[in-house]
Amino acid sequence: MKDKNSEKRYEYDIQILDKERAIEESHQEQRQAERSIEDFTTQMNQTFRELQAIEEALNEGQTSFSETEQKRRYVSNLLAQQQEEVSTQYRKEHILMEDEREQLQKERNQLSWD
């Protein structure tokens, strides 16, 4: 006796696996994006430290209003906001894909075993 819904179940299994692969790829993309931002932040901070040292040498050690430090803080804040936005968007995408995967599983599980 042949199960009438075995092909449909198989198709759902394939769709579920595809969705799980997409979720994993998205997690990898998120990690890569976050690492890129972190690497850029590190490089940016190093560059600003070098600029700060040059600025201090030019001012002969005088402590004064530092435009370089203001710019560093501004860029750091922008990068922190960008990092948060990346995380938020990926979180939304992951939730959506998980919901889709769960829906596929639910539909597959509702098929009768005739």
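Helices here are DSSP runs of H or I, at least four residues long, numbered from the N terminus. With that in hand, let's go. One caution before the details: this is a predicted model.

I'll talk about charged pairs, then a nonpolar patch. The structure holds ten salt bridges. I'll take three of them.

Start in helix α1, which covers residues 6–58. Arg21 pairs with Asp18 in a salt bridge. The closest N and O atoms are 2.9 Å apart. Both residues sit in helix α1. They are three residues apart, about one turn of the helix. So how accessible are the two partners? Arg21 has a relative accessible area of 47%, so Arg21 counts as partly exposed. Asp18 comes in at 41%, and Asp18 is partly exposed as well.

Next, helix α2. That one runs over residues 67–109. Look at Glu98 and Arg101. Their side chains form a salt bridge, at 2.6 Å from N to O. Again the spacing is three residues, about one turn, and both residues lie in helix α2.

Now the link between helices. Which residue of helix α1 does Arg101 meet? Glu20: their side chains form a salt bridge, N to O at 4.0 Å. This pair connects distant parts of the chain. Arg101 is in helix α2, Glu20 is in helix α1, and 81 residues separate them.

Put those two bridges together. Glu20, Glu98 and Arg101 are linked in a network of salt bridges.

Is Arg101 buried or exposed? Arg101 has a relative accessible area of 15%. The cut-off for buried is under 20%, so a residue below that value is classed as buried. Arg101 is therefore buried. What about the two acids? Glu98 is at 26% relative accessibility, which makes Glu98 partly exposed. Glu20 is at 33%, also partly exposed. So the picture is a buried arginine, with a partly exposed Glu98 and a partly exposed Glu20 as partners.

Last stop: the nonpolar patch. Which residues make it? Leu51, Ile54 and Leu58 form a nonpolar surface patch of about 310 Å². Leu51 belongs to helix α1. Its relative accessible area is 40%, so Leu51 is partly exposed. Why can Leu51 count towards a patch? A patch residue needs over 30% relative accessible area, and Leu51 has 40%.

To recap. Arg21 and Asp18 pair within helix α1. Glu98 and Arg101 pair within helix α2. Arg101 and Glu20 join helix α2 to helix α1. And Leu51, Ile54 and Leu58 make the nonpolar surface patch. That's it from me.

Key:
Residues numbered from 1 in each chain as written. Predicted model: local features only at pLDDT ≥ 70, side-chain atom pairs only at ≥ 80, totals over all residues. Heavy atoms only, no water. Helix = DSSP H or I, 4+ residues; strand = E, 2+ residues; numbered from the N terminus. Buried < 20%, exposed > 50% of the residue type's maximum accessible area, 1.4 Å probe, protein only. Patch = residues over 30% accessible without salt bridge, like charges linked within 9 Å, V, L, I, M, F, W, Y side chains within 5 Å. Areas by Shrake-Rupley, 256 points an atom, 1.4 Å probe, with all protein chains shown as cover.
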